[in-house]
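Hello,

Here is the structure I promised to pass on to you. Have a look at it first, and then read my notes below.

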Amino acid sequence: MNPINPLRHALGARAVRSLTPAVLAGVVIAGTAACGGSDTHSTGTARSTRTVSPEPAMTRSASPTGRTQQEFAASVSAAAERNRQQAVKQLAGVQGRGNAVKDVSVTGQPVAKSEQFRSALVRVTNRTDKAAFYAVKVEFVDASGKVLDSVVLGFPDVPPGRTVNQLANSRKAAGVKTFPRIAQAERS
């Protein structure tokens, strides 16, 4: 059996339902009044809106090193190019597929005809007990097996027991359904 609420029994179900919105409105109004008014001239308000740091227009950049985004991007690109050049040199002396093919995997990324390049995610797992440099050559091949492009990546200082990844991008294979594969991988 359902016990009858004493307030409902005394006032009737309709009266309780009509009082509920009025009671809620009263609680909201009382809560708002308890929080204080909107006096914006108090000392606490002025302190809480004070600007502590200099205006953004006055600083050279928002980065902690004082470099602009363009300078940072250029330094990242320069580092990636140095790693790539080191990887090209390392792979030049490698006969066959290299000593690290089992440590490397590649996965093609989704492609659309309007894209400017084709990408593949390359993962390197260092199975040794010390940090190592990995040089990886990725080939983009079409359905007939023809190599449309090859890209060389350098993975510097891969920690032992860790997996790192990079994207291999090809402009020559853009808009074409290709399959990326590891051509060479060398660990030093």
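**What I found**

The side chain of Gln184 reaches the backbone oxygen of Gly96 at a distance of 3.0 Å. Please keep in mind as you read that this is a predicted model.

Let me stay with Gln184 for a moment. You will find Gln184 in strand β6, which covers residues 179–187. Is Gln184 buried or exposed? Gln184 has a relative accessible area of 13%, and because buried means under 20%, Gln184 counts as buried. Setting aside its neighbours within four places in sequence, Gln184 is in contact with Leu91, Val94, Gly96, Arg97, Ala135, Val136 and Lys137.

One of those contacts, Leu91, brings us to helix α4. This helix runs over residues 69–92 and has 24 residues. From its first C-alpha to its last, α4 reaches 35 Å, which is close to the 34 Å expected at 1.5 Å a residue. Which residues of α4 are buried? They are Asn83, Ala87, Gln90 and Leu91. These buried residues pack against three strands: β3 (132–141), β4 and β6.

Next, the strands β3 and β4. They pair in the antiparallel sense, over 9 bridges, and Val138 has Val151 in β4 as its bridge partner. The two strands form a hairpin with 5 residues between them. In the turn of that hairpin sits Gly145, with a positive phi of about 95°.

A positive phi also turns up at Asp157, where the value is near 45° and the residue is not a glycine. Asp157 belongs to strand β4, residues 147–158. With a relative accessible area of 62%, Asp157 is exposed, because the cut-off for exposed is over 50%.

Finally, the pocket. The largest pocket has a volume of about 190 Å³. Its lining is made by Ser77, Ala80, Glu81, Asn83, Arg84, Val151, Val152, Leu153, Gly154, Gln166 and Leu167. Which elements give two or more residues to this lining? They are α4, β4 and β5 (163–170). Helix α4 gives the most, with 5 residues. Two names in the lining may look familiar to you: Asn83 and Val151. Asn83 is among the buried residues of α4, while Val151 is the bridge partner of Val138.

If you open the model now, Gln184 in β6 is a good place to begin; from there you can go on to α4 and the pocket lining.

Best wishes

Technical notes. Residues numbered from 1 in each chain as written. Predicted model: local features only at pLDDT ≥ 70, side-chain atom pairs only at ≥ 80, totals over all residues. Heavy atoms only, no water. Helix = DSSP H or I, 4+ residues; strand = E, 2+ residues; numbered from the N terminus. Buried < 20%, exposed > 50% of the residue type's maximum accessible area, 1.4 Å probe, protein only. Polar contact = N/O pair within 3.5 Å; in protein donor to acceptor, adjacent residues only side chain to side chain. Contact = heavy atoms within 4.5 Å. Expected span 1.5 Å × (residues − 1). Pairing = 2+ DSSP bridges. 1 Å grid on protein atoms, 1.4 Å probe; cavity = no way out; pocket = protein on both sides within 12 Å on 5 of 7 lines; lining within 4 Å. Points joined across faces, edges and corners; volume = space filled by probe spheres on them.
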